[in-house]
Amino acid sequence: MAANNDRCRVCGGTAQYLWESALLDLAAVRYFECDVCGYVQTEYPYWLERAYSEAINVSDTGIMSRNLANSKIVLATLLSFGKLDGQVVDYAGGYGILVRLLRDQGIDALWSDRYSPNLLARGFEYDKGGATLLTAFEAFEHFVNPAEELDNMLTISPNILLSTELIRGSTPAQDKWWYYGKEHGQHIGFFRMQTLEYLAQKHGKQLTSNGHSCHLISDIPVNSFGWRGLLKVKKHLPSLLKVTIKVKNLAGSPDHVKTNPITTQFNSNIAWKQKMKRILVTGGAGFLGSHLCERLLNEGNEVICVDNFFTGRKKNIANIASNPYFEIIRHDVTFPLYVEVDQIYNLACPASPVHYQHDPVQTTKTSVHGAINMLGLAKRLNARILQASTSEVYGDPEIHPQPESYWGKVNPIGIRSCYDEGKRCAETLFFDYHRQHQLDIKVVRIFNTYGPRMHPNDGRVVSNFIVQALKGEKITIYGEGLQTRSFCYVDDLIEALLRMMNTPAGFTGPINIGNPEEFTMLELAEKIIALTGSSSQLFFCPLPSDDPKQRQPDITLAKKELDWQPSVNLENGLQRTIAYFQKLLSEK
């Protein structure tokens, strides 16, 4: 088969070069990342025959305990289906360990594997026919063509239970993630949640995931909360199964187990055993908020999205609106809110000049009154709260790049002051609540961020340039276009927010979150024109009042305390953002 390294082996999208890394004793194997589904892949794996010369390699320590854990995951899934009498096919069955363990539990399990000898499950090979569930544990990262393998699996069963470690947030560096498996060379593809979502949507399936390593692509509707809860208490499942089988035998009917009160009660009353957080996101339907809500849900949390929909849009959260653990409340944070939550992300406030200058008094009230109301809620609940502050607290900086210790140079009476000073006052309130009431606070200062779901009319430079370029309109440059900005892709930003929220209680920030790579407005415009293939010309306008001449974060503290730095470069991020706006404009 000919190598085609610039195409994603999952969705066929463009695979952008990431880096070269040593693998086995190969000095330089190239890695690529898809700009559509986020899949990370090696170049075509010509070394696999050598990598599999020994079936059990050094990373297989614990193979028996892993199969024992996997057998309980299968039980949890069959219980969620209400089909303990269903047939299971282990697609990458290996030596037959999992099949033997399942059959010992009374499950009708069959073995299938094109590459490994069947040592422990002889006589129980899969031949043909439809199965209730197909399992593919620790298999997808090995597949040369995952999409084709999934097609083959779905001819055996419409329900696929798989395990593979997900990339969450930024792509880990070559030496920062054990799952690359460089010592054995067998792992050649790495998934994100969006990759699995693509595969599920392609086949019209439901995706259920525990957010990191265990995933279910199925036809059968599954209560995701109940399924994840069963995974957390899976060590108790064999004893539960024994009771269930006894009830089934007493009933004398295999259908009885589907309404077995023991399994029903167990499946619906395990909430107390699951450490699911209830998290409030204000501004949750906005650009950043919608991405944050989606990420929190994917990690197994219950999310309350609060938004007054001034700049937030229902379309941003349409893909998660039907999730049973997602709740939408139309509310203005300048008024008190009474809910019960464990954590609060306070993102509510219009963030672009065209929006925050529309009603400057309300903008200040949103920052100040909103902070007071959310801090009061956190104080009542003893909940941790994160404030999404901004690089605008530095104003037009005299220090470059800007460290957190810099106090800023801000005009307190200018047209931008409603936002700049409102955010500065909110920070004051957060630290006063921390000092006076010992409130558990986190403060991040967000620099320019871009990506899908930006509002097309928000007046921010990335969305402005892209929309103008796609429409063939003149691209508006203020001043001479020599002022600089640093642009952080939204996925990197969300990863940093989650890391900050989960730092130890003593660390409050403030902490800069942004991409330190600096570009002039002219450089940005030229890059967008090139990526869109636009014929747009540049149009120069007077520089707005108080517009900062330069903005670049010093992220030394973020690297140290969060072990974080952005991984998506500007060109890759712009390509994803341009694709979003192309689709958005085509729908109008």
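This note comments on two helices and several salt bridges in a predicted model.

1. Helix α4 covers residues 146-154, and its buried residues are Pro146, Ala147, Glu149, Leu150, Met153 and Leu154. These residues lie on the same side of α4, because they cover an arc of only 160° around the axis. Among the elements that cover them are β6 (133-137), β7 (160-163) and α5 (193-202).

2. Helix α11 has 22 residues (360-381), which at 1.5 Å a residue should span 32 Å; the end C-alpha atoms are 31 Å apart, so the two values agree. The helix nevertheless has a kink of about 25°, centred on Thr366. Thr366 is also one of the buried residues of α11, which include Val368, Leu375 and Leu381. Just after the helix, Asn382 has a positive phi of about 55°.

3. The structure contains 23 salt bridges. One of them joins the side chains of Arg66 and Glu138, at 2.7 Å from N to O. This pair links distant parts of the chain, 72 residues apart: Arg66 belongs to helix α2 and Glu138 to the loop between β6 and α4. Arg66 counts as partly exposed, at 24% relative accessibility, and Glu138 is partly exposed as well, at 31%.

4. Helix α11 also takes part in a salt bridge, since Glu340 pairs with Arg380, with the closest N and O atoms 3.3 Å apart. Here Glu340 lies in the loop between β13 and β14, whereas Arg380 is in α11, 40 residues apart. Glu340 is partly exposed at 48%, and Arg380 is partly exposed at 44%.

5. A network of salt bridges links Arg295, Glu299, Glu495 and Arg499.

How values were computed:
Residues are numbered from 1 along each chain as its sequence is written. This is a predicted model: local features need pLDDT of at least 70, side-chain atom pairs count only at pLDDT 80 or more; totals for chains, interfaces and linings use all residues. Side-chain values use heavy atoms; hydrogens and water are left out. Buried means under 20% relative accessible area, exposed over 50%, partly exposed in between (1.4 Å probe, protein chains only). Helices (H or I, at least four residues) and strands (E, at least two) are DSSP runs, numbered from the N terminus. The arc is that of the directions from the helix axis to the C-beta atoms. Contact means heavy atoms within 4.5 Å. The expected span of a helix is 1.5 Å times one less than its number of residues. The bend at a residue is the angle between axes fitted to the seven residues ending there and the seven starting there. A salt bridge is a side-chain nitrogen of Lys or Arg within 4 Å of a carboxyl oxygen of Asp or Glu.
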